[in-house]
Amino acid sequence: MWLGTWEEGLLLMHADGRLEQVLSPTLAKVGNHIHALFERDDDTICIGCDDGIVCFNPKTCEWKRLIDGNQGVNDRFVYAITCDTEGGLWAGTFYGGVHYISPVGKRFEAFSIDTGLRGNVISRFCEDKYGRVWIASDDGGLMCYSPKEGRFVDYPHQDELAHQNAHALSISGDELWVGTYTNGVQVLNIE
């Protein structure tokens, strides 16, 4: 089991409960403050941290930066990571909006308030069965992006959920469960 910590970086918990600190020998002090972990299909672990996204391959022990300040990410603090069914990587930042890396050609795309995002403090992602990406935000509530249409789309009760501080998302059948900071759980039928 992989654990992301606040000051000790990445830890590996072995079956016997023993903890092993896993640090990059080449990226000194990078990835010490971890906010999110996501294991990709190729077994690479994407680490969302104060330094952007750092990837670790446990089989080869190779480390590399995936997103950092040199790629146009104004705020490197990555708080949420997910992959969509196409293999694209979505990263949510603290005041830097959403960043997307396409699996084809490794194209980089950024979403902010200027491009239709309603908030810039991104806490979670969730993809529904239609390929839409739901985005939870502390300062913009719940948003829905349709990759097929290449834009943010409206949904029922959007005005109510746009003012929530959304922190957690889960899909169950046709229902999207939205955990909020002060209003409990809201359930939205994605049909």
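This report describes strand pairing, aromatic contacts, a surface patch and salt bridges in a predicted model.

**Strands and sheets**

Near the start of the numbering, an open sheet of three strands is arranged in the order β1-β2-β3, with antiparallel pairing. Its edge strands are β1 (2-4) and β3 (19-22), each of which pairs on one side only, and neighbouring strands of this sheet are turned against each other by 30 degrees on average, direction ignored. Between strand β2 (residues 10-13) and β3 the antiparallel pairing extends over four bridges, and within this part of the sheet Leu12 stands opposite Glu20 in β3.

A further open sheet of three strands follows the order β16-β17-β18, again with antiparallel pairing. Because β16 (166-172) and β18 (185-189) stand at the edges and have a single partner strand each, one side of each is left without a neighbour in the sheet. The twist in this sheet averages 20 degrees from one strand to the next. Six bridges join β16 to the antiparallel strand β17 (residues 175-180), and Ser172 has Glu175 in β17 as its bridge partner. These two strands, β16 and β17, form a hairpin with two residues between them, and Gly173 in the turn has a positive phi of about 65 degrees.

Another hairpin is built from β4 and β5, with five residues between the strands, where Asp43 takes a positive phi near 70 degrees. Strand β4 (residues 34-39) pairs with strand β5 (residues 45-49) in the antiparallel sense over five bridges, and the bridge partner of Ala36 is Gly48 in β5.

**Aromatic contacts and a nonpolar patch**

A search of the whole structure finds 12 aromatic pairs. In one of these, Tyr145 and Phe152 meet edge-to-face, at 5.0 Å centre to centre and with 70 degrees between the planes; both Tyr145 and Phe152 are buried. The two residues also belong to one aromatic cluster, which is formed by Trp90, Tyr100, Phe111, Phe125, Tyr145 and Phe152.

At the surface, Met1, Met13 and Leu19 make a nonpolar patch of about 310 Å². Of these residues, Met13 lies in strand β2 and is partly exposed, with a relative accessible area of 32%.

**Salt bridges**

The count comes to six salt bridges. Three of the pairs are set out below with the separation of their N and O atoms.

| Pair | N to O distance |
|---|---|
| Asp43 and Lys59 | 2.7 Å |
| Arg132 and Asp128 | 2.7 Å |
| Arg151 and Glu149 | 2.8 Å |

The salt bridge of Asp43 with Lys59 joins two loops: Asp43 lies in the one between β4 and β5, and Lys59 in the one between β6 (52-57) and β7 (62-67), so the pair ties together parts that are 16 residues apart in sequence. Asp43, the residue with the positive phi in its hairpin, is partly exposed at a relative accessible area of 26%, whereas Lys59 is exposed, with a value of 64%.

In the salt bridge between Arg132 and Asp128, Asp128 counts as buried at 5% relative accessibility. For the pair of Arg151 and Glu149, Arg151 is partly exposed at 43% relative accessibility, and Glu149 is likewise partly exposed, at 47%. Beyond these pairs, Lys129, Asp174 and Glu191 are linked in a network of salt bridges.

Technical notes
Residues numbered from 1 in each chain as written. Predicted model: local features only at pLDDT ≥ 70, side-chain atom pairs only at ≥ 80, totals over all residues. Heavy atoms only, no water. Pairing = 2+ DSSP bridges. Axes fitted to C-alpha atoms, helices over the stretch in contact; angles between N-to-C directions. Phe/Tyr/Trp six-rings, centres within 6.5 Å; stacked < 30°, edge-to-face > 60°. Buried < 20%, exposed > 50% of the residue type's maximum accessible area, 1.4 Å probe, protein only. Patch = residues over 30% accessible without salt bridge, like charges linked within 9 Å, V, L, I, M, F, W, Y side chains within 5 Å. Areas by Shrake-Rupley, 256 points an atom, 1.4 Å probe, with all protein chains shown as cover. Salt bridge = Lys/Arg side-chain N within 4 Å of Asp/Glu carboxyl O.
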